[in-house]
Amino acid sequence: MAVSTAQIGFLVPVNDKLEENTSIPKIPILNGPNIVGRDSIPVADKRLSRKHLSITASPNASVHLIVEGSNPVVVRLNDQRKKLLSRESCEIRDGDVVELIPGYHFFKFVSERNSLASSSQKRDGSGGNRVGEEDELVSRKKAKQVSQDEVFARNLQAEINNGSPVHGRSTETIRYFSPTKNKLPSTFRLMKVKGLPPWANTSAVSIGDVVQGNVQVALLSNYMVDIDWLTTACTTLNKVPHVLVIHGEGDGTLEYMKRKKFANWILHKPPLPISYGTHHSKAMLLVYPQGVRIIVHTANLIYVDWNNKSQGLWMQDFPWKNSDASNRGSGFENDLVDYLTALKLPEFSVSLPGLGNCSINASFFRRFDYSSATVRLIASVPGYHSGSSLKKWGHMKLRTVLQESTFDQQFRKAPLVYQFSSLGSLDEKWMTELALSMSSGVSEDRKPLGVGEPLIIWPSVEDVRCSLEGYAAGNAIPSPQKNVEKEFLKKYWAKWKARHSGRCHAMPHIKTFARYNGQNLAWFLLTSSNLSKAAWGALQKNNSQLMIRSYELGVLFLPSKPQGCSFSCTDNGNQVEGKCESAKTSEMERTKLVTLSWEGNRNTESSEVITLPVPYELPPQRYSSEDIPWSWDRRYSKKDAHGQVWPRQVQLCTTQD
């Protein structure tokens, strides 16, 4: 049955004298539930929640108000002033005033009937008595209210300034994330999510923000590719002379792609020598006349991944090498070329401005100067790796890079966090093996950091049910009950909490691994790797061999010497040299990696502090006894945000990881 949307009344913005504030629009109150918050009130006040109040109205003028946000609300009921805390409620009537933040943002509830009468009085010029009554009412109340208002406002402001967990550091801190141009290569960015308030998409990117400009050659690496969506969402690709799509699709989708692709597109599925493996890496390599743009991200090339999920993306532009042969290869370059070689790319010829005919293959990418790279590549390649290859891939590559790194003393025995969207079939022995790699590295006194305790951030059933997509989001968290509900995993579970990034209801498809102490990060990995032996590899033969099933790719952020990197392939060629310069620092000074919620983020522009927009809250909050980890092959009868149960009668989405 359709719900009536009859108008019940308005919340009319007024000032502290109860005079209408015409700079803010009235908020209509309709029959049924109404949400009042940041989306409906155009004021820049971080204390206003997205869902600050819920108001349920009925045609008989019964209006029920509930405080949904964490900040208190004051309601003026006749001559009484009533403060309501979070989850408290009351009935409001015509003429009652609601202070969304006590002492700030006043709204008077006016019923539809009185609103019409008031408009008629104004047209007739007969509204003077009503205004006089309101002025008199204000005068009577003012003496009693002013001291209480001032005390409450002072306390609230002090709470905000002190950075309390509710009102300060953990609330909407993504709105302060706006890295300068020279810091962009040193951090990563979240992807835009439809349906979130504007503040939650601060500095977030879409596919059109990264694939732009005069691209001559594009290599697109991914697992799933929706060619119809891709060519519509990113029209720049349709003009690129040469496109190579490296994918992991099955035969049915591949045949469709062959029919729908442009003539100048090449499709390539890398060899999978071990059963149950996939090509899962998500990256883009874009060749420009000025240089190359390397992008490593976490989204499949499909609509839902670029619009509805919590995702992450890193990119950096690199210039062509000078003709001078002194430009030697870097660790980043060698790792990139080794990985591209393993893909067994089909070679093809192109004509590039200023260079003439070139063969596009793995070695071609040695032509660029990666000396300014601010990350290390951590890749996985399927196979049985031993000897010199043992430490080239998977968690053994991560172990090797971390062993060569020095970290601050505060990270001795510091905890680890694993966050991902698909859980393999695990055992405690392998979890210990992975933790040893993740815990590698030494402190400044050359002593090992020691093994850290890991926690797994994983959406609960309620997280999925109440998400933007409802249970449908569970299609992209494809882990069966037999993997999720192993007894030994219970000690690892932690909640997906993302209030500060506005992504509590945008289910994570992003995959991240990190070592942290409070809001300080020893290192941080943005990757395509889920938590599985197939992705990270498992040691065999007395630890002399690493078996990996799948292709994966990630970028590792480490403390390093501060650099200013502003080279761009899309700045109309203005930056010919395109060099990144190290800041003038002592040998001991290194960048400090921090989260969005680090206390100094709003007050520092230091080149030594790199903010990484970790979308979830640290330290993680462990599961309670009521929390159930999501598994996609269980039945859930409680209806989701779209009125659906799980599983639906018809599955419309395919598996993705």
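**Figure 1. Lys 282 and Lys 511 carry the UniProt annotation "binding site" (unreviewed entry).** The two lysines span 230 residues in sequence, yet no two of their C-alpha atoms are more than 11.4 Å apart, so they gather at one spot. UniProt positions follow the numbering used here, feature names are shortened, and annotations may be inferred rather than shown by experiment. This is a predicted model: local features need pLDDT of at least 70, side-chain atom pairs count only at pLDDT 80 or more, and totals for chains, interfaces and linings use all residues. Residues are numbered from 1 along each chain as its sequence is written, and side-chain values use heavy atoms, with hydrogens and water left out.

**Figure 2. Close-up of Lys 282, in the loop between β14 (265–268) and β15 (283–287).** Strands (E, at least two residues) and helices (H or I, at least four) are DSSP runs, numbered from the N terminus. Lys 282 has 0% relative accessibility and therefore counts as buried. Buried means under 20% relative accessible area, exposed over 50%, and partly exposed in between (1.4 Å probe, protein chains only). A polar atom of the Lys 282 side chain lies 2.9 Å from the backbone oxygen of His 280.

**Figure 3. Close-up of Lys 511, in the loop between β26 (493–494) and β27 (512–517).** Lys 511 is buried too, at 0% relative accessibility. Its side chain meets that of Ser 421 in a polar contact of 2.6 Å. Such a contact is a pair of N or O atoms within 3.5 Å; within protein, one must be able to donate a hydrogen and the other to accept it, and residues adjacent in sequence count only if both atoms are side-chain atoms.

**Figure 4. His 280 and His 509 carry the UniProt feature "active site" (unreviewed entry).** The pair spans 230 residues in sequence, yet no two of their C-alpha atoms are more than 12.9 Å apart, so these histidines gather at one spot. His 280 sits in the loop between β14 and β15. Its relative accessible area is 1%, and His 280 is buried. His 509 belongs to the loop between β26 and β27. This histidine is buried as well, with a relative accessible area of 0%. A polar atom of the His 509 side chain lies 2.8 Å from the backbone oxygen of Thr 298.

**Figure 5. Strand β25 (residues 454–457) is covered on both faces.** Pro 454 and Ile 456 are buried on one side, Leu 455 and Ile 457 on the other. Strand β23 (residues 416–419) pairs with β25 in the parallel sense, over four bridges. Pairing requires at least two DSSP bridges between two strands. Val 417 has Leu 455 of β25 as its bridge partner. β26 also pairs with β25 in the parallel sense, over two bridges. Here Ile 456 stands opposite Trp 493 of β26.

**Figure 6. Helix α8 (residues 394–403) is largely enclosed by the rest of the structure.** Nine of its ten residues are buried. They are Gly 394, His 395, Met 396, Lys 397, Leu 398, Arg 399, Thr 400, Val 401 and Leu 402.

**Figure 7. The largest cavity holds about 90 Å³ of space.** Four cavities of 30 Å³ or more are found in the whole structure. A cavity is a set of points, on a 1 Å grid over the protein atoms alone, where a 1.4 Å probe fits but cannot get out; lining residues have an atom within 4 Å of a point. Points are joined across faces, edges and corners, and the volume is the space filled by probe spheres set on them. The lining includes Ser 186, Thr 374, Phe 557, Lys 561, Gln 563 and Ile 610. By class, five lining residues are nonpolar, five polar and one charged. Nonpolar covers Ala, Val, Leu, Ile, Met, Phe, Trp, Tyr, Cys and Pro; charged covers Asp, Glu, Lys and Arg; the others, Gly among them, are polar.

**Figure 8. The second largest cavity holds about 60 Å³ of space.** Its lining consists of Leu 219, Ser 221, Ile 246, Ala 283, Leu 285, Leu 336, Tyr 339, Leu 340, Leu 343 and Leu 553. β12 (217–221), β15 and α7 (331–342) each give two or more residues to this lining. α7 gives the most, with three. Nine lining residues are nonpolar, one is polar and none is charged.

**Figure 9. Thr 235 lies in the loop between α4 (227–233) and β13 (242–246).** Thr 235 counts as partly exposed, at 45% relative accessibility. Its C-alpha atom is separated by 9.2 Å from that of Gln 212, 23 residues away along the chain.

Note on methods. 1 Å grid on protein atoms, 1.4 Å probe; cavity = no way out; pocket = protein on both sides within 12 Å on 5 of 7 lines; lining within 4 Å.
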